[in-house]
Amino acid sequence: GIPVQRPYYCRRLHPEPELAVVLGRRTRGVSRDDAMRYVAGYALCLDMTARDAQDTCKARGLPWTLAKSFDTSCPVSDFVPKEHVADPHRLRLWLKVNGQLWQEGDTADMLFSVPELISYISEIITLHEGDVILTGTPPGVAAVEEHDELEAGIHGLVSMRFTVVQQRLGA
Ligand SMILES: CC(=O)CC(=O)C(=O)O
Ligand SMILES: [Mg+2]
């Protein structure tokens, strides 16, 4: 619930509501068939993205650290144990800004399923208990402004609220 900062170098801050998969056990090179055994549960995350910084980094072939990894760039909701989720591919995510619905989408539309993501990532990176995988956002992303009120959730499971504040250089 603490405020989300718009970095001093950012003029286009985009909230991206995303299903987050929380790992329950260490795994490396797991098959798609076995991948769900390593999931502890889920959360909703906001992948706060400084889009203007990302565009610059993309154009110059630079990493996206300034775009995606500033303080407060990834608010995480309460944890939802996997026993509370019958099927992670049948969840509806939503984002409201100042009470207006901006984004709503279904995890059935994800390009890659949760087991595909875990299996692929674990070929490259050892996953540990507590690691969180963000899965991408539905269409309709747009920029928020200072003092905007963000509310996001997964229907029937969890929701969270944040205010946007402008970071001042040196603060
Ligand atoms: C280009 C992006 O920032 C993509 C992204 O994060 C997404 O969720 O989609
Ligand atoms: Mg994202």
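How are the donor residues of the magnesium ion (ligand 2) spaced in sequence? They follow the pattern E-x1-E-x28-D. The close-ups below start from that site.

This is a predicted model, in which local features need pLDDT of at least 70, side-chain atom pairs count only at pLDDT 80 or more, and totals for chains, interfaces and linings use all residues. Residues are numbered from 1 along each chain as its sequence is written, chains are lettered from A and ligands numbered from 1 in the order in which they are written, and side-chain values use heavy atoms, with hydrogens and water left out.

**View 1. The magnesium ion (ligand 2) is held by E16, E18 and D47.** The coordinating atoms are OE of E16, OE of E18 and OD of D47, at 1.9 to 2.0 Å. Donors are N, O and S atoms within 2.8 Å of the metal (3.2 Å for Na, K and Ca); water is not among the atoms, so sites may look incomplete. E16 counts as buried because its relative accessibility is 8%. E18 also counts as buried, at 3%. Buried means under 20% relative accessible area, exposed over 50%, and partly exposed in between (1.4 Å probe, protein chains only).

**View 2. Ligand 1 sits among nine-residue company that includes E16, E18 and D47.** The surrounding residues also include R51, Q54, W64, K68, G136 and T137. A residue is near a molecule or strand if one of its heavy atoms lies within 4 Å of it. By class, this shell has one nonpolar, three polar and five charged residues. Here Ala, Val, Leu, Ile, Met, Phe, Trp, Tyr, Cys and Pro count as nonpolar, Asp, Glu, Lys and Arg as charged, and the others, Gly among them, as polar.

**View 3. Oxygen atoms of ligand 1 pair with K68, E16 and T137.** An N or O atom in the side chain of K68 is 2.7 Å from a ligand 1 oxygen. For the side chain of E16, the distance is 2.8 Å. T137 contributes a backbone N or O atom, 3.3 Å from an oxygen of ligand 1. Taken alone, ligand 1 exposes 280 Å², and the protein buries 68% of that. Accessible areas come from the Shrake-Rupley method with a 1.4 Å probe; for residues, only the protein chains shown count as cover.

**View 4. H14 of strand β2 makes a polar contact with R51.** The two side chains come to 2.8 Å. A polar contact is a pair of N or O atoms within 3.5 Å; within protein, one must be able to donate a hydrogen and the other to accept it, and residues adjacent in sequence count only if both atoms are side-chain atoms. H14 counts as buried because its relative accessibility is 9%. Not counting residues up to four places away in sequence, H14 touches D47, M48, T49, R51, V141, A142 and A143. Contact means heavy atoms within 4.5 Å.

**View 5. P15 lies in the loop between β2 and β3 (17–23).** P15 counts as buried because its relative accessibility is 0%. Beyond four places in sequence, its contacts include D47, M48, L95, Q103, V141, A142, V144 and L150.

**View 6. Helix α2 (residues 51–60) has buried residues R51, D52, A53, Q54 and C57.** They pack against β2 (13–14), β5 (49–50) and α3 (65–68). G61 follows α2, with a positive phi near 70°. Helices (H or I, at least four residues) and strands (E, at least two) are DSSP runs, numbered from the N terminus.

**View 7. S122 belongs to helix α4 (residues 114–124).** S122 counts as buried because its relative accessibility is 0%. A polar atom of its side chain lies 3.0 Å from the backbone nitrogen of V30. Leaving aside neighbours within four places in sequence, S122 is in contact with T27, R28, G29, V30 and L127. The buried residues of α4 are V114, P115, L117, I118, S119 and S122. Their cover includes β3, α1 (32–35), β4 (39–46) and β9 (132–134).

**View 8. T72 and H147 have positive phi without being glycines.** Most residues other than glycine have a negative phi. For T72 the angle is about 70°; for H147 it is about 80°. T72 lies in the loop between α3 and β6 (80–81) and is partly exposed, at 22%. H147 lies in the loop between β9 and β10 (149–154) and is exposed, at 60%.
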